[in-house]
Amino acid sequence: MSIIFNSVKISAGRLTGLFLLLFMVKPGTAQTKDTSSNPIRLNQIGFYPNAIKKAIVLSGAGGLFAIQSPNKRTVFSGSLKPSVSLSFAGRTTYIADFSDFTKPGEYQLTVAGAGSSYPFKIAGNVHQKIAKGVIKAYYFMRASTPLPVKYAGKWSRAGGHPDDRVIVHPSAASEKRPAGAIISSPRGWYDAGDYNKYVVNSGISTSTLLSLYEDFPAYMKTVKLNIPESGNGVPDLLNEVLWNLRWMLTMQDPNDGGVYHKLTNAVFDKFEMPDKDITPRYVVQKGTAAALDFAAVMAQASRIFKQFPQQTPGLADSCIVAAKSAWQWAVKNPNVAYRQDENNKKFNPAITTGGYGDNNFTDEFIWAASEMFVTTSDSDYLKNINLLPDDKMPVPAWGQVKLLGYYTLLKNNAGIAELPVIKKRLINAADGLIKGVDDNAYQTSMTLSARHFGWGSNSDAANQGVLLLQAYRLIPDKKYLDNALADLDYLLGRNATGYSYVTGYGTKTPMHPHHRPSASDGITEPIPGLLVGGPNPGMQDGIKVPSKVPDEAYIDDTQAYAANEVTINWNAPIAYLANAIEALQNQLSLKTKSTK
């Protein structure tokens with residue numbers, strides 16, 4: 001059974017396990033909400049000189065705004081413009097558009113009666129640090145290895161979860177790997193606030209990062225992350241991906257090609273550092289979703305790592321062999337759903353960690369078939385696959401991966417009859433995302449609909465930006481690029497809460513994410529570069545948010561996993577978005593320029 005929030009399927013088992021965490025958090029880790037509220041909302045990092053620059057002011061009817069230098073000298077001024085549409089809270093907002101001001105420097109925006117904004121920069125490469133940071137966050141999520149000071153700074157820690165003696169759970173038993181058999185499955189990224197590793201969620205996360213390299217290879221070769229593998233001849237983004245990819249390969253049963261759903265403790269860990277957890281770890285039931293997600297990622301990885309034969313000898317071949325084997329298993333087993341609650345009635349020990357349950361694999365077949373076809377040029381993978389089951393174009397989530405397949409077919413110009421229809425539908429979806437933005441209270445696609453706000457709403461914002469960038473790559477209309485940048489502005493402070501939702505980047509950022517290492521390491525600041533879930537009025541964790549207004553329903557509280565957890569699949573789209581914007585910054589230029 002799954003509960004669906006904002007098109008993201010969350011298993012009832014995961015919710016049950018998560019509720020238990022309320023009683024497992026160390027005393028003192030729950031935090032009161034941040035009561036500060038700057039009425040000027042803008043990207044707290046800054047703006048490109050020749051790009052659109054907007055701030056939202058919560059009060060200021062008929063007023064003026066000024067851009068001031070650090071010495072309080074006014075360098076630009078303008079009139080606030082009231083929003084045509086009301087915010088979800090029923091208020092008119094006031095828009096300060098200072099796009100015409102292009103001089104690099106550090107500034108604040110000031111409004112009489114509203115005070116001054118947080119400081120921001122106007123500069124080329126203005127998002128470079130955060131773009132690196134949201135990728136470097138994956139290094140901090142590594143399992144099975146210590147994080148030395150040289151690479152992790154004050155967030156260094158001992159290694160945890162070597163996962164070299166993982167137990168085959170009875171739900172995963174087979175003739176050659178019976179229940180209780182021991183396998184080795186090290187590496188990988190911790191999935192979220194917990195210490196488990198899930199193939200389904202790893203699938204979309206790994207693929208999104210691979211796509212970032214595939215779409216912007218020249219730029220991504222310049223991104224240096226200071227990780228142990230830096231300087232080995234492989235771009236650092238791909239080095240980080242390899243840590244998880246090599247773990248995923250261990251999750252395939254070599255005897256039949258099936259893929260285990262997850263590697264997990266029986267219950268969610270305590271709030272403690274990774275090396276303190278020594279409870280048994282299991283691989284559980286093989287499933288169709290895991291096999292297809294695995295096949296898609298391995299096919300994509302094969303064509304990318306084929307470019308690095310000396311640094312990764314044999315890897316591309318191993319990946320495509322594994323992908324074909326997983327595909328064949330899925331074709332033979334097209335409807336094997338992972339139903340945790342049902343398994344727990346039949347097998348011991350009961351497993352109550354993240355379910356990631358899915359009952360419809362149409363989208364997974366589309367994605368896997370698309371990746372297999374593009375990598376192998378074998379059209380047989382598309383036979384018996386309905387690439388156009390409906391006209392819906394939902395932004396990707398772990399349980400809805402159809403668009404990942406469409407993105408691949410479009411950017412590789414796959415010569416198939418359905419391609420013009422897919423292109424038209426994607427462009428229509430992008431146009432629908434931004435229809436009415438100019439009238440909107442926050443001037444972003446995210447704030448056009450209350451339906452966007454549920455569990456992991458910030459990942460929706462980032463994935464909307466990614467969809468708009470995919471449209472821009474197909475049709476270079478600057479409206480798509482400008483609105484993708486606006487989605488990044490939303491995540492970094494131009495929103496109803498005034499938070500920059502990425503830990504460590506901005507002035508007002510989350511300090512208490514639902515993340516075990518951040519809550520347990522004794523360091524005041526959380527691990528940097530993590531995108532929190534964001535506004536969610538559902539309060540599935542029982543933690544009261546300060547407002548039920550959809551885009552205000554956020555609280556910075558360690559216990560509030562429904563609004564403040566972090567996950568690898570939420571970080572992936574903001575990594576794509578921020579780095580793609582950096583790569584495309586020179587195409588953000590305004591039609592007219594001045595330095596008033």
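The following paragraphs describe the overall dimensions of a predicted model, the packing of one helix pair, and the surroundings of two buried residues.

The protein chain contains 17 helices and 17 strands. For its 596 residues, a compact globule would be expected to have a radius of gyration near 25 Å, and the value of 23 Å computed for the protein chain agrees with this expectation. Along the principal axes, the C-alpha atoms fill a box of roughly 75 × 60 × 45 Å. Of the 596 residues, 63% are buried, and among the contacts that link residues at least 6 apart in sequence, 71% join residues at least 24 apart.

Two packed helices are described by the angle between their axes and the distance between the axes. For helix H7 (residues 288-305) and helix H8 (residues 315-332), the axes come within 8 Å and cross at roughly 155 degrees; because this angle is over 145 degrees, H7 counts as roughly antiparallel to H8. The crossing of H7 and H8 is left-handed. On the H7 side, the contact is formed by Thr288, Ala291, Leu292, Phe294, Ala295, Met298, Ala299, Ala301, Ser302 and Phe305, which meet Leu315, Ala316, Cys319, Ile320, Ala322, Ala323, Ala326, Trp327, Trp329 and Ala330 in H8. Classified by residue type, this contact of H7 with H8 comprises 18 nonpolar residues and two polar residues, with no charged residues.

Trp329, one of the H8 residues that meet H7, is also in contact with Gly258, a residue placed in the loop between helix H6 (236-250) and strand E16 (262-264). Gly258 has a relative accessibility of 0% and therefore counts as buried. When neighbours within four places in sequence are left aside, the contacts of Gly258 are with Met251, Gln252, Asp253, Lys286 and Trp329. The C-alpha atoms of Gly258 and Ala290 are separated by 8.3 Å, with the two residues lying 32 residues apart along the chain.

Helix H6, which precedes the loop that holds Gly258, includes Trp243. With a relative accessibility of 14%, Trp243 falls under the 20% cut-off and so counts as buried. Not counting residues up to four places away in sequence, Trp243 touches Arg142, Ala143, Ser144 and Thr145, together with Arg187, Gly188, Trp189 and Glu229. Between Trp243 and Val395, which are 152 residues apart in sequence, the C-alpha to C-alpha separation is 26 Å.

Conventions:
Residues numbered from 1 in each chain as written. Predicted model: local features only at pLDDT ≥ 70, side-chain atom pairs only at ≥ 80, totals over all residues. Heavy atoms only, no water. Axes fitted to C-alpha atoms, helices over the stretch in contact; angles between N-to-C directions. Helix = DSSP H or I, 4+ residues; strand = E, 2+ residues; numbered from the N terminus. Parallel < 35°, antiparallel > 145°, perpendicular 65-115°, else oblique. Left-handed = near helix turned anticlockwise from the far one by under 90°. Contact = heavy atoms within 4.5 Å. Nonpolar A, V, L, I, M, F, W, Y, C, P; charged D, E, K, R; others polar. Rg over C-alpha atoms; globule rule 2.2 N^0.38 Å. Buried < 20%, exposed > 50% of the residue type's maximum accessible area, 1.4 Å probe, protein only.
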